[in-house]
Amino acid sequence: MLSGKVALLTAAGSGIGRAVGLLMGGQGARVVVTDIDLAAAEKVATEIEANGGEAIALACNVAAEADVAGAVQAAVMRFGRLDILHNNAAYQGADLMEKDADIVSMEAEFWDRTMAINLRGSMFGCKYAIPKMLGGGGGAIINTASVNGLAGFLSMPAYGVSKAAVAMLTRNVAARYGREGIRCNAVAPSLVLTPAAERFLPEEVKRLHHDVALVPTLCSPAGIASVVGFLASDAAVFINGHILSVDGGAMSQLAINGPFRRYLEQAART
Ligand SMILES: NC(=O)c1ccc[n+]([C@@H]2O[C@H](COP(=O)([O-])OP(=O)(O)OC[C@H]3O[C@@H](n4cnc5c(N)ncnc54)[C@H](O)[C@@H]3O)[C@@H](O)[C@H]2O)c1
């Protein structure tokens, strides 16, 4: 599906980004795997090549404008063009839950750090990729947003606001550049069972996510990657400015649906 295309991925050293790299490499794209952690990016590029694909790895901290500009430049130098950009990086430090607990206790430094990576990083990706894509006749940008940017949650306000802004960045780029051949869409996942989530997320929290999903299982990184790959492909030629929830239907229901299901189950038992 992606034969002949050149894809630049951010934060592709693990989790969703890695899965996108493996999928795109397997579908014939030449992949530029970037991550702040160069060793992780190199490992993914090696995996892509071991599967018969073509990839290079680069260090790129999306919060640093020069890094993003350099990664785009290096992609075009190596492969001659740029067709796909996956803006995927977000701040995921170990202190996220503690620092992003509440607006009242929010430290300005943490708020700014979140916006610098999650939002400004995606903006830099668009800023530098769009001129190259225009030069090649168009392209597809896919941003990783989140259901946390679509509805209120009692925690993670900085993360949620940054992802809501990523959704608007998506629509803005689509509105400005769609007629020049650049489609810009976003995926909005709910919980994805990345290796990090598997390791650190309490079982009870996984159970709560399972409870609100309208499908039998939680999502794997590959479940998001297949949607990103579709949005990047010519099969999605008429999809632009769209924020696609990849959440097992969680956002499609009344908030009372999960508790009501338990109420009915309880009633059936008594
Ligand atoms: N996992 C989930 O449940 C979930 C749900 C919704 C949205 N998302 C979003 O998906 C994206 C990927 O998340 P994931 O769970 O796959 O992450 P992950 O923790 O598995 O991997 C994150 C990667 O980002 C890299 N990274 C961190 N800071 C960076 C920076 N400044 N510049 C470049 N790379 C950086 C890390 O080195 C790491 O390789 C994020 O935007 C996240 O907000 C994840």
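**Buried and exposed elements of the predicted model**

With a relative accessibility of 0%, N143 counts as buried in this predicted model. The residue belongs to strand 5, which spans residues 139-144. The side chain of N143 is joined to that of N87 by a polar contact of 2.9 Å. Leaving out residues up to four places away in sequence, N143 touches N87, V166, L169, T170, C184, N185, A186 and V187. N87 falls within strand 4 (84-87), and C184, N185, A186 and V187 fall within strand 6 (182-189).

Strands 4, 5 and 6 also take part in the packing of helix 9. This helix comprises the 12 residues 221-232. At 1.5 Å a residue a span of 16 Å is expected, and the end C-alpha atoms of helix 9 are 16 Å apart, so the two values agree. The buried residues of helix 9 are P221, I224, A225, V227, V228, G229, L231 and A232. Besides strands 4, 5 and 6, these buried residues pack against helix 1 (15-26) and strand 7 (243-246).

Helix 1 likewise has 12 residues, for which 16 Å should be spanned; its end C-alpha atoms are 17 Å apart, which agrees. G15, I16, G17, A19, V20, G21, M24 and G25 are buried in helix 1. The packing partners of these buried residues are strand 1 (6-9), strand 2 (30-35), helix 2, strand 4, helix 7 (195-200) and helix 9. Helix 1 is followed by G28, with a positive phi near 100°.

R18 also lies in helix 1. Its relative accessibility is 32%, so R18 counts as partly exposed, because that class lies between the limits of 20% and 50%. Apart from neighbours within four places in sequence, R18 is in contact with A12, G13, V44 and E47. Of these, V44 and E47 fall within helix 2 (residues 38-50). R18 and D35 are 17 residues apart along the chain, and their C-alpha atoms are separated by 9.9 Å.

Helix 2 also contains E42, which is partly exposed at a relative accessible area of 41%. Between E42 and C126 the C-alpha to C-alpha distance is 23 Å, with their positions 84 residues apart in sequence.

Most residues other than glycine have a negative phi. A11, which is not a glycine, has a positive phi of about 50°. A11 is placed in the loop between strand 1 and helix 1 and is partly exposed, with a relative accessible area of 22%. M156 is another residue other than glycine with a positive phi, near 55°. M156 is found in the loop between strand 5 and helix 6 (157-177). At a relative accessible area of 13%, M156 is buried.

The second largest pocket has a volume of about 160 Å³. Its lining consists of 13 residues, of which K5, G138, G139, A140 and D234 lie nearest the pocket centre. G139 and A140 fall within strand 5 (139-144). By residue class, the lining of this pocket divides into three nonpolar, five polar and five charged residues.

Notes: Residues numbered from 1 in each chain as written. Predicted model: local features only at pLDDT ≥ 70, side-chain atom pairs only at ≥ 80, totals over all residues. Heavy atoms only, no water. Helix = DSSP H or I, 4+ residues; strand = E, 2+ residues; numbered from the N terminus. Expected span 1.5 Å × (residues − 1). Buried < 20%, exposed > 50% of the residue type's maximum accessible area, 1.4 Å probe, protein only. Contact = heavy atoms within 4.5 Å. 1 Å grid on protein atoms, 1.4 Å probe; cavity = no way out; pocket = protein on both sides within 12 Å on 5 of 7 lines; lining within 4 Å. Points joined across faces, edges and corners; volume = space filled by probe spheres on them. Nonpolar A, V, L, I, M, F, W, Y, C, P; charged D, E, K, R; others polar. Polar contact = N/O pair within 3.5 Å; in protein donor to acceptor, adjacent residues only side chain to side chain.
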